[in-house]
Amino acid sequence: MPDDAAPQHQAVLAALQRLLAWPEISRSPQLGRFLDYIVRQTLAGDGQTIKAYAIAVDVFGRPADFDPQADPIVRVQARRLRALLDEYYSGPGADEPTRIQLPVGRYIPEFILADTDVDAAPATVAATSAASPRRRLPPSWFGLALGALLLSLGAYAHNAWVGRQAPAAVSGPARPTITVVEFQDLAGTARLRPQVAGLAIELVTDLEQFGNIEVRYGQGGAAAESDFVLTGIVRLDERVAQYSAILTESEAGNVVWNHTLAVPMQEAAGLDVLDRVSRVFSLMLGSPRGPLHAPARRLLAVDGAADVAPSPYLCRVLFDLYRESRGAGAAGRAGGCLEALGAAGADNAVVQAAMGSLIADGFAPVAVEEGEPDARLAAAETHIGAAVHLAPVSGFVWEQRARLYEAEGARRQARDAYSSAIQLNPANGDGLAGFALLLALGGELAEAEAPARQALEESDSPPGWYHGVPALIALRDGDFAAAGAHAEIYARADRELGPILAILAGQGAGDSAMVSRYLPQVLDVPAFRAKGVVPRLGERIGDLVLIETIRTALTRAGMPPAALVQAF
């Protein structure tokens, strides 16, 4: 132990006691025990044991079979504690010589000493242990790969950004800013007062997890400096609490979005209602297709968008547009934007993660060298690994980490990475839908149902690929009309599996016209023609029962037997 460790520990313990004596924390024994537990565990060198499960059992008295995914108690209390710490150090504790901080997305505290401004006890990021990269390449290789990738993306950049003879680029939109104001309590009951008072802080915490939104808490002058202001009211309608949120565009003063969520009074009085209400609102507001990003998407839809200077935020919007369509044109625009950032994107986790995903999907060509048959995935691994290093608590980064594992055929690691992404940002609709599809194609359709329905029903303007799992659920339940409706939407986003699900639905409903319409589309898929239908599906689907069901259905539909098992 270093010679100065003991004095530092004493300073942290003294700071802890002052916090525990502060009325805002002392009146909540649970928060006090929570804070005391994580501080003392970290000082004792046991920071690696501070997990949601251990906190729930040791601090909040949950049983040994506690499920952190099903019960959000730890995440909810961590957000409240984090908000109180911020309030304390911006008010009565502003002159504290030693500060205790709880980073977003983590349960291990950091200790800041005023005279050194360094951590007295370095923390370890829990999320990184859940699904760390399997291949770590040396920094020198990363530099070479980045250089090669920049060259390989030149064609994209030439068409999308560089090669256009146009006037000098103008500044594009920055991340949208939103100020969240406290909701007005019109319920008139003490049972709901704590839940109403904490909703704004909960929304700030949830929206911050998206990374492409600048979120502020406040009102009055602070609101005027933001692009958008979110306000709301909570009122009672008989035995139902109505949570109404209103989003206003600051410059014009126009209401651009509003939503009301009805919660039975018995549920509204519970401690976890804040988590539920905030998650629903955040799924809509934080969505790439939500109102906060509408101005940037409108800009990219007009011809003048080519004259807009690329920025990490603009590239992220283009990447989201690619994710919705999976088209080569959208991939080219996103890749060109990312490449045009040059060195400015090297230290940006979102840029690195998006680039890695494009490479993994095969839209950024990488030369295959002798001795490296899978250079494309290796290059993607380099970018994703860099992104995880730069932002280990980013839900977006872990979502791309999961997608790369899927491309590598590592389904178990993909599941772990999706779990990390959703834990970091439970309101990420793309993460929920991607996780659900992974589960469903792996034979875990029952487990996939909840995240799939949440993503489809609560997201703003869900893209076509969200309909894949609902189509499988409807087929399982024998609801072939619903299966056909979902499958036809899904077929526009997934040219391989979508038409096959439409054929299954058509056969179940006795709709021969639907079968005849989609069978030629299956025969026209390049990957099927190169490998055969079943071998290609085996790379994506881990559920052998589903593969056999598809084989039987395609045989009935009249597909040549040879095309099922070999190139044609």
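1. Is the link of Cys315 and Cys337 left-handed or right-handed about its S-S bond? The link is left-handed, with an angle of -85° about that bond. Keep in mind that this is a predicted model. The sulfur atoms of Cys315 and Cys337 lie 2.0 Å apart. A disulfide is a covalent bond between the sulfur atoms of two cysteines. The structure holds one disulfide, and this pair forms it. The pair ties together distant parts of the chain. Cys315 belongs to helix H15, residues 312-325. Cys337 belongs to helix H16, residues 328-340. The two cysteines are 22 residues apart. Both of them are buried.

2. Now the overall picture. The protein chain has 30 helices and eight strands. It has 568 residues, and 51% of them count as buried. Look also at the contacts in the chain with a separation of 6 or more: residues 24 or more positions apart account for 62% of these.

3. Start the strands with S3, residues 177-180. In a regular strand the side chains alternate between the two faces of the sheet. On one side of S3 sit Thr177 and Thr179. On the other side sit Ile178 and Val180. Both faces are covered, and all four residues are buried.

4. Which strands pair with S3 in the parallel sense? One is S5, residues 214-217, joined to S3 over four bridges. Here Val180 stands opposite Tyr217. Another is S6, residues 228-237, joined to S3 over three bridges. Here Thr179 has Val229 as its bridge partner.

5. Follow S6 onward to S7, residues 240-249. These two strands run antiparallel, with 10 bridges between them. Val234 of this pairing stands opposite Tyr243 in S7. The hairpin of S6 and S7 has two residues between the strands.

6. S7 also pairs with S8, residues 254-264. This pairing is antiparallel too, over 10 bridges. Ser244 stands opposite Thr260 in S8. The hairpin of S7 and S8 has four residues between its strands. In this hairpin, Gly253 takes a positive phi near 75°.

7. Check two residues with positive phi that are not glycines. Glu238 has a phi near 60°. It lies in the loop between S6 and S7. Glu238 is exposed, because its relative accessibility is 72% and the cut-off for exposed is over 50%. Ser461 has a positive phi of about 50°. Its loop runs between helix H22 (445-458) and helix H23 (468-477). Is Ser461 buried, exposed or partly exposed? Ser461 is partly exposed, with a relative accessible area of 48%.

8. Turn to helix H26, residues 512-523. This helix has 12 residues. From its first C-alpha to its last it reaches 17 Å. That is close to the 16 Å expected at 1.5 Å a residue. At the start of H26, look for a side-chain oxygen of Asp511. This oxygen comes to within 3.2 Å of the backbone nitrogen of Ala513.

9. Which residues of H26 are buried? They are Met514, Val515, Tyr518, Leu519 and Val522. Why do they line one face of the helix? Seen down the axis of H26, these buried residues fall within an arc of 125°, so they share one face. Several helices help to cover them, including H24 (480-491) and H25 (497-509). Helix H27 (526-531) and helix H29 (544-557) are also among the cover.

10. Finish with Ala557, a residue of helix H29. Ala557 has a relative accessible area of 19%. The cut-off for buried is under 20%, so Ala557 counts as buried. Which residues does Ala557 contact, leaving aside its neighbours within four places in sequence? The contacts are Ile503, Gln507, Val515 and Leu519. Val515 and Leu519 are also among the buried residues of H26. The C-alpha atoms of Ala557 and Ser516 are separated by 8.0 Å. Along the chain, Ala557 and Ser516 are 41 residues apart.

Definitions and conventions:
Residues are numbered from 1 along each chain as its sequence is written. This is a predicted model: local features need pLDDT of at least 70, side-chain atom pairs count only at pLDDT 80 or more; totals for chains, interfaces and linings use all residues. Side-chain values use heavy atoms; hydrogens and water are left out. A disulfide is a pair of cysteine sulfur atoms within 2.5 Å. Buried means under 20% relative accessible area, exposed over 50%, partly exposed in between (1.4 Å probe, protein chains only). Two strands pair if DSSP finds at least two bridges between them. The expected span of a helix is 1.5 Å times one less than its number of residues. The arc is that of the directions from the helix axis to the C-beta atoms. Contact means heavy atoms within 4.5 Å. A polar contact is a pair of N or O atoms within 3.5 Å; within protein, one must be able to donate a hydrogen and the other to accept it, and residues adjacent in sequence count only if both atoms are side-chain atoms.
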